[in-house]
Amino acid sequence: MSIWKQPADLARINAWSANTMMETLGIRISAIGDDWLQGTMPVDHRTHQPYGLLHGGASVVLAETLGSTAAMLTLDPEKELAVGLDINANHLRGVRSGTVTGTARALHIGRTTQVWEIRIENEESSLVCISRITMAVIAARTVGLR
């Protein structure tokens with residue numbers, strides 16, 4: 001059974017990233033299942049740190065994008081929104097090129113908070129980064145998705 005309250009329309013979801021950091025870094029939501037969301041990010045000049053490796057901050061941007069997007073999809077945006085409250089990440093393996101793929105899965109979906117785990121893997125399916133984000137669920141006021 002699906003946890004999503006909004007349509008699992010990848011084109012619509014990716015359109016939310018227009019003119020944002022996600023678009024600049026090349027982050028794309030690539031797949032969605034009944035209880036998970038997946039996205040990709042290129043490892044190139046936009047996401048490198050000075051040593052030519054994937055920047056840890058770029059991994060956190062991918063993790064927060066996936067966790068935040070997944071959280072929003074579990075809500076009715078006319079009534080409530082999800083905003084980041086806390087995020088942590090452990091960087092486990094360096095990546096120099098290619099594409100990384102992150103998968104977000106809910107650990108907790110509550111009335112006022114949500115906790116998501118995001119696993120980021122390289123093209124060989126080796127774990128690159130493990131992250132956890134806590135989202136606050138707030139009342140929708142004048143802020144909404146574009």
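**Exercise 1. Determine in which sense strand 3 and strand 6 pair, and over how many bridges.**

Solution. Strands here are DSSP runs of E with at least two residues, and helices are DSSP runs of H or I with at least four residues, both numbered from the N terminus. Two strands pair if DSSP finds at least two bridges between them. Strand 3 and strand 6 (residues 127-139) pair in the antiparallel sense, over 11 bridges. Individual partners can then be read off: His-91 stands opposite Cys-129 in strand 6, and Gly-84 has Met-135 of strand 6 as its bridge partner.

The model is a predicted one, in which local features need pLDDT of at least 70 and side-chain atom pairs count only at pLDDT 80 or more, while totals for chains, interfaces and linings use all residues. Residues are numbered from 1 along each chain as its sequence is written, and side-chain values use heavy atoms, with hydrogens and water left out.

**Exercise 2. Describe how strand 5 is joined to strand 6, and state which residue of their hairpin takes a positive phi.**

Solution. Strand 5 (residues 113-121) and strand 6 run antiparallel and are joined by 9 bridges; in this pairing, Val-115 has Thr-134 of strand 6 as its bridge partner. The hairpin has 5 residues between the strands, and Ser-125 there takes a positive phi near 65°. Ser-125 is a residue other than glycine, and with 53% relative accessibility it counts as exposed, where exposed means over 50% relative accessible area, buried under 20%, and partly exposed in between (1.4 Å probe, protein chains only). Asn-19, which is likewise not a glycine, has a positive phi near 60°; Asn-19 is found in the loop between helix 1 and helix 2 (21-25) and counts as exposed at 71% relative accessibility.

**Exercise 3. Give the order of the strands in the sheet and explain why strand 1 and strand 3 each have one side without a neighbour.**

Solution. The sheet is open and consists of 6 strands in the order 1-2-4-5-6-3, with antiparallel pairing. Strand 1 and strand 3 stand at the edges and have a single partner strand each, so one side of each is left without a neighbour in the sheet. On average, and with direction ignored, neighbouring strands of this sheet are turned by 25° against each other, the axes being lines fitted to C-alpha atoms, for helices over the stretch in contact, and the angles running from 0 to 180 degrees between N-to-C directions.

**Exercise 4. State which strands helix 3 touches, and check its length against the expected span.**

Solution. Helix 3 packs on the sheet and touches strand 1, strand 2, strand 3, strand 4, strand 5 and strand 6, its direction making about 145° with that of strand 3; contact here means heavy atoms within 4.5 Å. The expected span of a helix is 1.5 Å times one less than its number of residues. For the 18 residues of helix 3 (residues 56-73) this should give 26 Å, and the end C-alpha atoms are 26 Å apart, which agrees. Helix 3 is mostly covered, with 14 of its 18 residues buried.

**Exercise 5. Characterise the surroundings of Thr-74.**

Solution. Thr-74 is found in the loop between helix 3 and strand 3 (80-91), and at 4% relative accessibility Thr-74 counts as buried. Leaving aside neighbours within four places in sequence, the residues in contact with Thr-74 are Ile-3, Trp-4, Lys-5, Ile-109, Gln-114 and Trp-116. A polar contact is a pair of N or O atoms within 3.5 Å; within protein, one must be able to donate a hydrogen and the other to accept it, and residues adjacent in sequence count only if both atoms are side-chain atoms. The side chain of Thr-74 reaches the backbone oxygen of Ala-71 at 2.7 Å.

**Exercise 6. Find the salt bridges and locate the residues of the pair Arg-105 and Asp-35.**

Solution. A salt bridge requires a side-chain nitrogen of Lys or Arg within 4 Å of a carboxyl oxygen of Asp or Glu, and by this rule the count comes to 2. In one of them the side chains of Arg-105 and Asp-35 meet at 3.6 Å, N to O. Arg-105 lies in strand 4 (residues 98-109) and Asp-35 in the loop between strand 1 (28-32) and strand 2 (36-43), so the pair ties together parts that are 70 residues apart in sequence. The side chains of Asp-44 and Arg-46 also meet in a salt bridge, at 2.7 Å, N to O; Asp-44 is buried, with a relative accessible area of 18%, whereas Arg-46 is partly exposed at 35%.
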